[in-house]
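Dear colleague,

I am passing on the structure that we discussed, together with some notes on what turned up when it was examined. Please look through the sequence and the structure first, and then read on.

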Amino acid sequence: MKNIKDSRLLFWTVEVLLVIGIIFLSTKINFVFYPIGVFISTIFAPLLIAGFLYYMLNPVLNLLMKIKITKTKTINRTWGTTIIFLAVIGIIGFILVSFIPRLISQITNLASTMPQFTAHQERSLAKMTKYGFLKNVDWNPIVSKIQSSYSAYLKSMLNHLSNSAGDIISTAAGVVVTIITAPIILFYMLKDGDRLLPSIERLLPTLSDKHRHQSEVLLKKMNKTLSHYIGGQVIECLFVGTFTSIGYLMIGQKYALLLGVFAGFCNLIPYVGPYIGIIPALFAAIVVSPMQVVWTIVVVLIVQQVDGNFVYPNVIGKSLNIHPLTIILILLAAGNIAGLLGMILAIPIYAIVKVVVEYFYSIWQVQHDQKSDIDSDN
């Protein structure tokens, strides 16, 4: 027994040392991996956008393929994909004509009111200094410090923009490439999406029938989890964005459409998103009146309560089955590692990893129970 334990210890020691050695050598030959990193970073954005849209549109495509043209013939996948693309182009055109000009106008107006917002804060601060112990505080150095810091920040930001013209051009070129390539990738994802699983099975010819079946079940579980989460998030964001905009319009918020769209996008981040989404609305409301701030909070509370109690449980439900504390910890870690994009992608990635771990654990549990039954029979 001691020899067995010693051999296991030696085996795992060698394995750990090999892993450390491989990692160390990889840091010394990073020039080999640089082209791979550039390639992955180039295709990451188009693949991410195309994959997101695929999970949004694939259920629609499946419904479309059930429509009968004749008594025996239905719409095939290619024609269904073409119809969806034409519909998406029409929707995008409608959005560009109807909503984008309004959003640009509201963004311009909001930017033009920033000096007004700054002046309003200075007046509010001046009023506060007339009450209580604040009268005895010399606010002039504090105000001067804030103003100088604000001016220095604007100056550094303008200098940074002027010095990074090359980066801006490179980013713009990347955006153009993504806009061109993402629809092409999406088209072939929708058209040939049903061939993915058979293609993976052909790539794994050495697997037994049992393992091939297990791989198929696991891939279907992962696909279902992603589809359920992404589709639910889209519905939830549309609900929050639409009804927040309507609520802001009802209370007379000047930038209702812009702030509602922003709140809808922020809702992609679980738990934290609603708090981020309300910040610009509060800044816009402060300039108007304290009562406008109260009504803004009331609108957000009503929309979030309806979303949390009715929309979220029905469109996403308990399919992810992730504890809220776990989600908050994941968001904190992902935000520090990869910023806003990490916070958006962290939960679906965690959900996929969770599905894989739970599936393999269930297989191990079944095998362990079967082995225990055999041992008890013997």
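The notes below go through helices, a surface patch and aromatic side chains in turn.

Please keep in mind that this is a predicted model.

I begin with helix H11, which covers residues 273-288 and bends by about 25° at Ile279, with a proline, Pro280, following within four residues. Several residues of H11 are buried, namely Gly273, Gly277, Ile278, Ala281, Ala284 and Ala285.

Helix H12 spans residues 290-315 and contains Asp307, which counts as buried because its relative accessibility is 3%, under the 20% limit used for that term. Leaving aside residues up to four places away in sequence, Asp307 touches Glu236, Phe239, Val240, Asn267, Tyr312 and Pro313.

Turning to the surface, Tyr271, Leu325, Ile328, Leu329 and Leu332 together make a nonpolar patch of about 500 Å². One of these residues, Ile328, sits in helix H13, which runs over residues 324-377, and Ile328 is classed as partly exposed because its relative accessibility is 36%, a value that falls between the 20% and 50% limits.

As for the aromatic side chains, a search of the whole structure finds six aromatic pairs. Among them is the pair of Tyr54 and Tyr55, which is edge-to-face, with 5.3 Å centre to centre and 75° between the planes; both Tyr54 and Tyr55 are buried. In addition, Phe85, Phe187 and Tyr188 form one aromatic cluster.

With best wishes

Key: Residues are numbered from 1 along each chain as its sequence is written. This is a predicted model: local features need pLDDT of at least 70, side-chain atom pairs count only at pLDDT 80 or more; totals for chains, interfaces and linings use all residues. Side-chain values use heavy atoms; hydrogens and water are left out. Patches are made of residues with over 30% relative accessible area and no salt bridge: like charges are joined within 9 Å, nonpolar side chains (Val, Leu, Ile, Met, Phe, Trp, Tyr) within 5 Å. Accessible areas come from the Shrake-Rupley method with a 1.4 Å probe; for residues, only the protein chains shown count as cover. A salt bridge is a side-chain nitrogen of Lys or Arg within 4 Å of a carboxyl oxygen of Asp or Glu. Helices (H or I, at least four residues) and strands (E, at least two) are DSSP runs, numbered from the N terminus. Buried means under 20% relative accessible area, exposed over 50%, partly exposed in between (1.4 Å probe, protein chains only). The bend at a residue is the angle between axes fitted to the seven residues ending there and the seven starting there. Rings of Phe, Tyr and Trp (its six-membered ring) pair if their centres lie within 6.5 Å; planes under 30 degrees apart count as stacked, over 60 as edge-to-face and the rest as tilted. Contact means heavy atoms within 4.5 Å.
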